[in-house]
Amino acid sequence: MNLEFNIAVHFLTFLAKHADERFSSKALSELICVNPVQLRRVTSQLVEHQYVETIRGKYGGYQANESTATANLGDLFQIFTAHNAQGRLYTGTKESECEISRKIEGTMKAHHAKEHALLKQYYENFTIQDILEETVTTI
């Protein structure tokens, strides 16, 4: 899991709860408790994948659409974690004299891919509507 995935779930859950309202990115960044730059990185992906509507201009902002509440968390997880390798993830180098150092990266990459697949499979059981209902009932 990573911050962008969490921001996406929070953002979509908030918009699903307030489906008939439109919010500016500034208001949303304050409500979601993140930096506006972080929010824009996430919202650009959500707009591109058509999970929300965006209207530009003085009275513009973000608004839920017909896909917001039914967005599957497995799909969101894939969008925000598939290529999100920030920094070095693995140790070792293929140029090492040590057999372990030469091969450990490939071994750990295979485990990481399996871990990712299991997490995606877990999240496929939930939609934004499920998260909204779970969040509202636990408050």
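I would like to start with two aromatic residues, phenylalanine 11 and tyrosine 62, both of which are buried in what is, I should say at once, a predicted model. Their rings form an edge-to-face pair, with 5.6 Å from centre to centre and 85 degrees between the planes, and this pair links distant parts of the chain, since phenylalanine 11 sits in helix α1 and tyrosine 62 in strand β2, 51 residues apart.

The structure holds 7 aromatic pairs, and another of them joins tyrosine 122 and phenylalanine 126, whose ring centres are 5.3 Å apart and whose planes meet at 55 degrees, so this pair counts as tilted. Here tyrosine 122 is partly exposed, at 46% relative accessibility, and phenylalanine 126 is partly exposed as well, at 24%. Ring pairs also bring these two into a cluster with Phe5, Phe77 and Tyr123.

Let me turn to the core. The largest nonpolar core has 29 residues, and those with the most contacts inside it include Phe11, Leu12 and Leu76. Its largest share, 9 residues, comes from α1, while β2 and α6 are among the other elements that give two or more residues.

Within α1, leucine 12 is one of the buried residues, and, beyond its neighbours within four places in sequence, leucine 12 is in contact with Leu46, Tyr51, Val52, Thr68, Ala71, Leu76 and Ile128.

Finally, the helix itself: the 15 residues of α1 should span 21 Å at 1.5 Å a residue, and the end C-alpha atoms are indeed 21 Å apart. At the N-terminal end of α1, asparagine 2 acts as a cap, with a side-chain oxygen 3.1 Å from the backbone nitrogen of glutamate 4.

Definitions and conventions:
Residues numbered from 1 in each chain as written. Predicted model: local features only at pLDDT ≥ 70, side-chain atom pairs only at ≥ 80, totals over all residues. Heavy atoms only, no water. Core = buried A, V, L, I, M, F, W, Y, C linked by side-chain atoms within 4.5 Å. Buried < 20%, exposed > 50% of the residue type's maximum accessible area, 1.4 Å probe, protein only. Helix = DSSP H or I, 4+ residues; strand = E, 2+ residues; numbered from the N terminus. Contact = heavy atoms within 4.5 Å. Expected span 1.5 Å × (residues − 1). Polar contact = N/O pair within 3.5 Å; in protein donor to acceptor, adjacent residues only side chain to side chain. Phe/Tyr/Trp six-rings, centres within 6.5 Å; stacked < 30°, edge-to-face > 60°.
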